[in-house]
Amino acid sequence: MTTALREELCRIGHSLYARGLTFGSSGNISVRRPEGGWIVTPTNVAMGDLDPGQLSILDENGNWIEGPKPTKETFLHTAMYGARRDAGAVVHLHSTHSVAVSVLEDIDPADVLPAITAYYVMKVGALRLIPYFRPGDPALGSTVAGFAAKHHALLLANHGPVVAGADLRSAQYATEELEETAKLFLLLQGHKIRPLTPAQAEALKTRP
Ligand SMILES: O=C(CO)COP(=O)(O)O
Ligand SMILES: [Zn+2]
């Protein structure tokens with residue numbers, strides 16, 4: 001099981017990297033292990049170079065117990081899991097359009113992007129902006145913990161998205177949906193737009 005999870009995590013990392021959804025050694029991914037604890041990506045490794053035999057293991061308290069040194073954003077991942085007991089995976093990227101939106105001056109920090117499409121509402125919902133902290137700053141963990149219970153998708157200002165999902169695929173798909181919606185939002189700047197109405201958005205949350 002752990003071998004399959006290791007392979008799936010690396011396949012997703014390779015795919016994200018190959019499609020330009022994160023760059024250099026940016027981004028990190030974690031997944032909950034059925035036997036307890038987490039598999040997380042090592043620090044300073046490009047998503048395109050992830051190796052199933054070279055992943056970091058954390059115990060159930062979030063302590064590094066095996067493998068290479070884990071991502072410096074480990075506390076960001078553990079803060080998400082701490083606030084969301086149903087989360088099975090967390091993806092953090094530096095995807096270009098999401099980062100661009102995180103830098104805009106006049107965005108609503110409580111709900112950054114409008115409900116442009118149904119899939120955005122279904123997979124992301126209300127995107128919360130988190131104030132800027134330097135990467136790896138543990139203070140980011142406590143700030144994220146305060147918002148993560150209400151929001152599975154967060155946008156770190158001047159940095160990038162961090163998204164929790166029930167499993168790796170859900171977290172990946174929601175992060176990709178967020179990136180595509182950020183791109184649409186930027187494409188639509190200067191145009192009058194007609195987002196989904198609150199009733200249309202609400203219906204997507206309550207119906208299958
Ligand atoms: O995205 C990153 C920092 O925010 C990448 O850091 P790591 O290489 O430590 O995972
Ligand atoms: Zn980052």
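Here are some questions and answers about this predicted model.

User: Happy to start with the annotation: at which residues does UniProt place the feature "domain: Class II aldolase/adducin N-terminal"?

Analyst: Glad to help! Over the stretch in question, the chain is 36% helix and 17% strand, and the end C-alpha atoms are 34 Å apart. The feature comes from an unreviewed UniProt entry, which places it at residues 7-186.

User: Which protein atoms are the donors of the zinc ion (ligand 2)?

Analyst: The spacing along the chain is a good clue, as the donors follow H-x1-H-x64-H. They lie 2.0 Å from the zinc ion, and they are H92 (NE2), H94 (NE2) and H159 (NE2).

User: Is H92 buried or exposed, and what is its relative accessible area?

Analyst: Let's begin with the strand that holds this residue. In β5 (residues 89-92), V90 and H92 point one way and A89 and V91 the other, and all are buried. Buried means under 20% relative accessible area. H92 meets that cut-off and is therefore buried, with a value of 1%.

User: And how does H94 count, buried, partly exposed or exposed?

Analyst: The class between buried and exposed runs from 20% to 50% relative accessible area. H94 has 28% relative accessibility, so it counts as partly exposed.

User: Which residue in β5 is the bridge partner of N28?

Analyst: N28 belongs to strand β1 (residues 28-32), which pairs with β5 in the antiparallel sense over 4 bridges. H92, one of the donors of the zinc ion, is also part of β5. The bridge partner of N28 is H92.

User: Moving across to β8, which residue there is the bridge partner of A89?

Analyst: Strand β5 is joined to β8 by 4 bridges, and the two run antiparallel. Strand β8 covers residues 160-165. Within β8, A89 has as its bridge partner G165.

User: How many residues lie between β7 and β8 in their hairpin?

Analyst: These strands run antiparallel and are joined by 4 bridges. L156 in β7 has G160 in β8 as its bridge partner. In the turn, N158 has a positive phi of about 55°, and the number of residues between the strands is 3.

User: What is the handedness of the β-α-β crossover from β6 to β7?

Analyst: Strand β6 (residues 128-130) runs parallel to β7, with 3 bridges joining them. One opposing pair is I130 and L156. The chain passes from β6 through helix α5 (residues 139-148) to β7, and the crossover is right-handed.

User: Which residues of β7 are buried on its two faces?

Analyst: Strand β7 spans residues 153-156, and both of its faces are covered. On one side the buried residues are A153 and L155, and on the other L154 and L156.

User: How many of the 10 residues of helix α2 are buried?

Analyst: This helix spans residues 74-83 and is mostly covered. The buried residues are T74, F75, L76, H77, A79, M80 and Y81. The count is 7.

User: Which backbone has a polar atom 2.7 Å from an oxygen atom of ligand 1?

Analyst: Ligand 1 is surrounded by 13 residues, with T43, N44, T71, K72 and E73 the closest. For G27, a polar backbone atom is 2.9 Å from an oxygen atom of the ligand. A backbone N or O atom of K72 also lies 2.9 Å from an oxygen atom of ligand 1. The 2.7 Å value belongs to the backbone of N44.

User: Finally, what separates the C-alpha atoms of E202 and D49?

Analyst: E202 lies in helix α7 (residues 198-206), and at 42% relative accessibility E202 counts as partly exposed. E202 and D49 are 153 residues apart along the chain, and their C-alpha atoms are separated by 41 Å.

How values were computed
Residues numbered from 1 in each chain as written. Chains lettered and ligands numbered in written order. Predicted model: local features only at pLDDT ≥ 70, side-chain atom pairs only at ≥ 80, totals over all residues. Heavy atoms only, no water. UniProt positions renumbered as here; feature names shortened; annotations may be inferred. Buried < 20%, exposed > 50% of the residue type's maximum accessible area, 1.4 Å probe, protein only. Pairing = 2+ DSSP bridges. Right-handed = clockwise from strand over helix to strand, strands pointing away. Donors = N, O, S within 2.8 Å, 3.2 Å for Na, K, Ca; no water. Near = heavy atom within 4 Å. Polar contact = N/O pair within 3.5 Å; in protein donor to acceptor, adjacent residues only side chain to side chain.
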